[in-house]
Amino acid sequence: MGIVRSISFFGIVCITYLLSLFANLNSPDWDGWLGFFGSIFGSIIAILGVYWQVSVQAKKAKEDAKQQQDLLRKQLNNEKENQYRQARPFFIVSKELIDPQERNKESISCIYSTFYRSEVPYSILGLTHIVINNVSKRDMYAVKVLVSTSTDDNFKQEFQKYSSAAALKSDEFYKSCISIDKIAANEKVGLLFDHYNEIEQVWIWYITEMRESIKLYFENENGGLIYRPDEKRLENQQKDGSANYDLSDFEETNRLSDEY
């Protein structure tokens with residue numbers, strides 16, 4: 001645009017000069033001068049035309065390059081998302097009454113509990129467990145399950161601030177949390193919390209084989225747990241494919257002995 005302004009200004013000056021010059025010329029001299037300046041103006045117009053064409057082509061080339069980059073970026077993101085998706089396990093979360101004596105029949109590999117050994121009821125027959133049934137061919141790692149007996153939205157919202165096991169352990173939420181090193185493919189586990197019959201909200205936080213951190217939210221509805229996909233959080237997907245997790249303070253919750 002600066003070049004165009006300069007050329008326009010130069011043209012105005014030339015026209016003004018020519019008009020003053022022509023006023024002092026004799027008629028026979030006009031033809032030569034008109035031809036000379038006509039060629040100059042023709043050259044200027046040609047230059048402006050070439051400049052405009054080059055500018056349009058450059059702008060179009062820039063837009064095409066940006067569209068190509070956006071398309072390539074979208075394709076790469078889709079490929080990465082497809083890889084993440086394939087590594088995500090599919091599991092079912094439910095509330096169930098479990099009889100430890102019938103555990104093999106229930107296909108439950110083990111039961112984790114927030115109870116201390118001295119506090120475990122003599123018989124947990126008829127107590128409600130949170131059951132995670134990994135029905136996929138993918139493993140779940142560093143699983144943390146947090147529950148709340150309240151319907152307060154703060155439990156749902158505050159959990160988003162946690163990015164490490166260490167941060168979680170220092171908070172009161174940790175008191176209502178069960179940690180599991182790994183829930184293998186096609187494995188079913190039971191979780192017994194202190195307030196087993198009053199659970200209203202559940203967060204399940206785990207890491208996939210692709211080291212993708214996932215947080216899923218469930219809430220009580222008519223006695224069962226309903227998954228709320230709008231609250232899902234996918235984290236630590238870096239552009240270079242790497243991910244860092246602070247699991248230094250991750251400790252698996254004790255399992256209940258077979259005698260229970």
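This is a short tutorial dialogue on reading strands, burial and salt bridges in a predicted model.

Me: Where should I start, and how many helices and strands does the chain have?

Reply: Start with the overall counts, keeping in mind that the model is predicted. The chain has five helices and ten strands. Of its 260 residues, 34% are buried. The accessible surface of the chain comes to about 16300 Å², and carbon and sulfur atoms account for 52% of that.

Me: What share of the contacts with a separation of 6 or more comes from residues 24 or more positions apart?

Reply: Such residues account for 75% of those contacts in the chain.

Me: How do I read a strand within its sheet, and which strands does E3 pair with?

Reply: In a regular strand, side chains alternate between the two faces of the sheet. For the pairing, look at the bridges. Strand E1, residues 91–97, is joined to E3 by seven bridges, and the two run antiparallel. E3 is also joined to strand E6, residues 188–192, by four bridges, again in an antiparallel arrangement. Ile130 is a useful residue to follow across: its partner in E6 is Leu191, while Lys95 has Ile130 as its bridge partner in E3.

Me: Is strand E3 largely enclosed or open?

Reply: Strand E3 covers residues 128–134, and six of these seven residues are buried, so the strand is largely enclosed by the rest of the structure.

Me: Which residues form a nonpolar patch on the surface?

Reply: Phe90, Ile92 and Val135 form one, with about 280 Å² of accessible area together. Ile92 belongs to strand E1. Its relative accessible area is 41%, and because buried means under 20% and exposed over 50%, Ile92 counts as partly exposed.

Me: Now the charged residues. What is the general idea, and how many salt bridges are there?

Reply: Side chains of opposite charge can pair when their charged atoms come close. In this model the count comes to eleven salt bridges.

Me: Which salt bridge can I look at in helix H2?

Reply: Take Lys60 and Asp64, whose side chains meet with an N to O distance of 3.1 Å. Both residues lie in helix H2, residues 27–87, and are four residues apart, about one turn of the helix. Asp64 is partly exposed, at 35% relative accessible area.

Me: What is the spacing of the pair in helix H4?

Reply: Asp153 and Lys156 are three residues apart in helix H4, residues 153–158, so about one helical turn separates them. The closest N and O atoms of this salt bridge are 3.8 Å apart. As for burial, Asp153 is partly exposed at 41% relative accessibility, whereas Lys156 is buried at 17%.

Me: Which salt bridge links distant parts of the chain?

Reply: Asp139 forms a salt bridge with Lys182, with 3.5 Å between the closest N and O atoms. This pair links distant parts of the chain: Asp139 sits in the loop between E3 and strand E4, Lys182 in strand E5, and the two are 43 residues apart. Asp139 is buried, with a relative accessible area of 14%. Lys182 is partly exposed, with 39%.

Me: Which residues are linked in a network of salt bridges?

Reply: Lys66, Asp70 and Arg73 are linked in this way.

Terms used: Residues numbered from 1 in each chain as written. Predicted model: local features only at pLDDT ≥ 70, side-chain atom pairs only at ≥ 80, totals over all residues. Heavy atoms only, no water. Buried < 20%, exposed > 50% of the residue type's maximum accessible area, 1.4 Å probe, protein only. Pairing = 2+ DSSP bridges. Patch = residues over 30% accessible without salt bridge, like charges linked within 9 Å, V, L, I, M, F, W, Y side chains within 5 Å. Areas by Shrake-Rupley, 256 points an atom, 1.4 Å probe, with all protein chains shown as cover. Salt bridge = Lys/Arg side-chain N within 4 Å of Asp/Glu carboxyl O. Contact = heavy atoms within 4.5 Å.
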